[in-house]
Amino acid sequence: MNFGWLNKGTRLQDHLQNDHQNNFTLIRLIAALIVVKQHSFSATAPNSKDALMSVLHLSALGLPSFFFISGLLVSQSLELSSSWKNFLWKRFLRLYPAACLSILFCAFILGPLVTTWNIKDYFSSHIFYQFLSTCFLIQVKYQLPGVFDNSLIGHSSVNSSLWTVCLELKLYLGLLFFWLLKIPGKKYFLFLFILLFFIAGQVFPNETDAAIYKLTNRHINIFGEFTCTLVFLTGVLANMYKQKITIKNSWLLFILIYFILSIYFSNLLLHLFLFIFIPAVNLFVATKGISLLKKITPKPDLSYGIYVFAFPLQQIVANYLRPTNTWTFFLLTVLMVLPFAFFSWYVVEKKALSLKRLVR
């Protein structure tokens, strides 16, 4: 039996030239849907086990995949940008328009429709204006006056997903600062950052949380913020080594072995191999079966629109349609969010991205 096909592979660099040479658009779409599925699971069955989401760790693939791909592609965008101003302008066009559209939709349409407050009091409340300040993507304000105060999801957050967009912005600025530093051995510094984030977030999460709370007087989501930063930096590192990284068919064996072993050693493997497994899965799927997967990939990039609009709509689904089944919750959300995602792409995102050459 010939196993020579296992050693066949292609360089990562050969797949980063344009979207026609990779499956990253499809992966982002799947990652967005995984996040929606995880939120549906958390809202309907938070204390039960979901074989698809826990055993196979698909919940751990959604959000981290976004950040790994972001680190990979955004660092490449920085390399190709004509200036740091051009880079920041492109990042602004990618992050802000759709996020602000979602925030304005929640504040001016969804909020007035569902609030328990008098409309005059709603629009004059400082809570309303604090929520609007989230458009700066510096700090998220989650509540609107009288909106989802007694939500069946368990909290009144209008859009819990926006914290990741704020983190993305901070990571972009940090990446730019790192790129502009004129120091030798940047790759070694990046290795050190990755190691520190891994140790702090995966090995000593409680101690890290306590230390940060002592310094800032606030708790942070260790798994969320540290894990997402970790895989973002890993994506940056992958871009730095794109000429040397070869994605081989044999990676599939590693991925399958991980899935099998994770059934018995879930927590251990999740912590030890997170920063290896996430990149391996994403790079393998992104570079294999491109011609076939392109046929099922929607032409519009719906992932960001789904991501920023899904949670407010899940609040609507939870409180007014009240599904008791996770998959019913998920499917209802997808049906509701798709029109918003299409609108966001064609009316806002695509048009905004066409302006990226305005700033050189």
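This passage walks through the predicted model, from its overall make-up to its pockets and a few individual residues.

The model is predicted, so local features are taken only where pLDDT is at least 70, side-chain atom pairs count only at pLDDT 80 or more, and totals for chains, interfaces and linings use all residues. Residues are numbered from 1 along each chain as its sequence is written, and side-chain values use heavy atoms, with hydrogens and water left out.

The protein chain holds 15 helices and two strands; helices (H or I, at least four residues) and strands (E, at least two) are DSSP runs, numbered from the N terminus. Of its 360 residues, 51% are buried, where buried means under 20% relative accessible area, exposed over 50%, and partly exposed in between (1.4 Å probe, protein chains only). Take the contacts between residues at least 6 apart in sequence, and 77% of them join residues at least 24 apart; a contact here is heavy atoms within 4.5 Å.

Helix α8 covers residues 186-203, 18 in number, and reaches 25 Å from its first C-alpha to its last, close to the expected 26 Å. That expected span is 1.5 Å times one less than the number of residues. The buried residues of α8 are Lys186, Leu190, Ile194, Phe198, Ala200, Gly201 and Gln202.

Next come the pockets. Rolling a probe the size of a water molecule over the atoms shows where empty space is left. The search runs on a 1 Å grid over the protein atoms alone: a pocket is an open set of points where a 1.4 Å probe fits, with protein on both sides within 12 Å along at least five of seven lines, while a set the probe cannot get out of is a cavity; lining residues have an atom within 4 Å of a point. Grid points are joined across faces, edges and corners, and a volume is the space filled by probe spheres set on the points.

The largest pocket has a volume of about 1600 Å³. Its lining runs to 48 residues, with Asp19, Arg28, Leu73, Arg91 and Arg94 lying nearest the centre. Two or more lining residues come from each of α1 (24-44), α3 (59-80), α4 (84-114), α7 (162-180), α14 (303-321) and α15 (326-353), and α3 gives the largest share, 10 residues. By class, this lining splits into 19 nonpolar, 15 polar and 14 charged residues. Ala, Val, Leu, Ile, Met, Phe, Trp, Tyr, Cys and Pro count as nonpolar, Asp, Glu, Lys and Arg as charged, and the others, Gly among them, as polar.

The second largest pocket holds about 790 Å³ of space. Its lining has 27 residues, and those nearest its centre are Leu167, Lys170, Arg218, Glu225 and Thr229. At least two lining residues come from each of α7, α8 and α10 (222-240), with the largest share, nine residues, from α7. Here the classes come out as 20 nonpolar, four polar and three charged.

Arg28, one of the residues nearest the centre of the largest pocket, also turns up beside Asp301. Asp301 sits in the loop between α13 (290-294) and α14 and counts as buried because its relative accessibility is 10%. Its side chain makes polar contacts with the side chains of Arg28 (3.1 Å) and Ser303 (2.8 Å). A polar contact is a pair of N or O atoms within 3.5 Å; within protein, one must be able to donate a hydrogen and the other to accept it, and residues adjacent in sequence count only if both atoms are side-chain atoms. Beyond four places in sequence, Asp301 touches Thr25, Arg28, Arg94, Trp345 and Glu349.

Phe342, in helix α15, has its C-alpha 8.5 Å from that of Asp301, although the two are 41 residues apart along the chain. Phe342 counts as partly exposed because its relative accessibility is 35%. Leaving out residues up to four places away in sequence, Phe342 touches Pro300 and Leu302.

The loop between α6 (126-132) and α7 includes Leu137, Phe148 and Ser160. Most residues other than glycine have a negative phi. Leu137, however, has a positive phi near 60 degrees, and Phe148 has a positive phi of about 60 degrees. Leu137 is buried at 0% relative accessibility, and Phe148 is buried at 6%. Ser160 is buried too, with a relative accessible area of 19%. The side chain of Ser160 makes a polar contact with that of Ser157 (2.7 Å).
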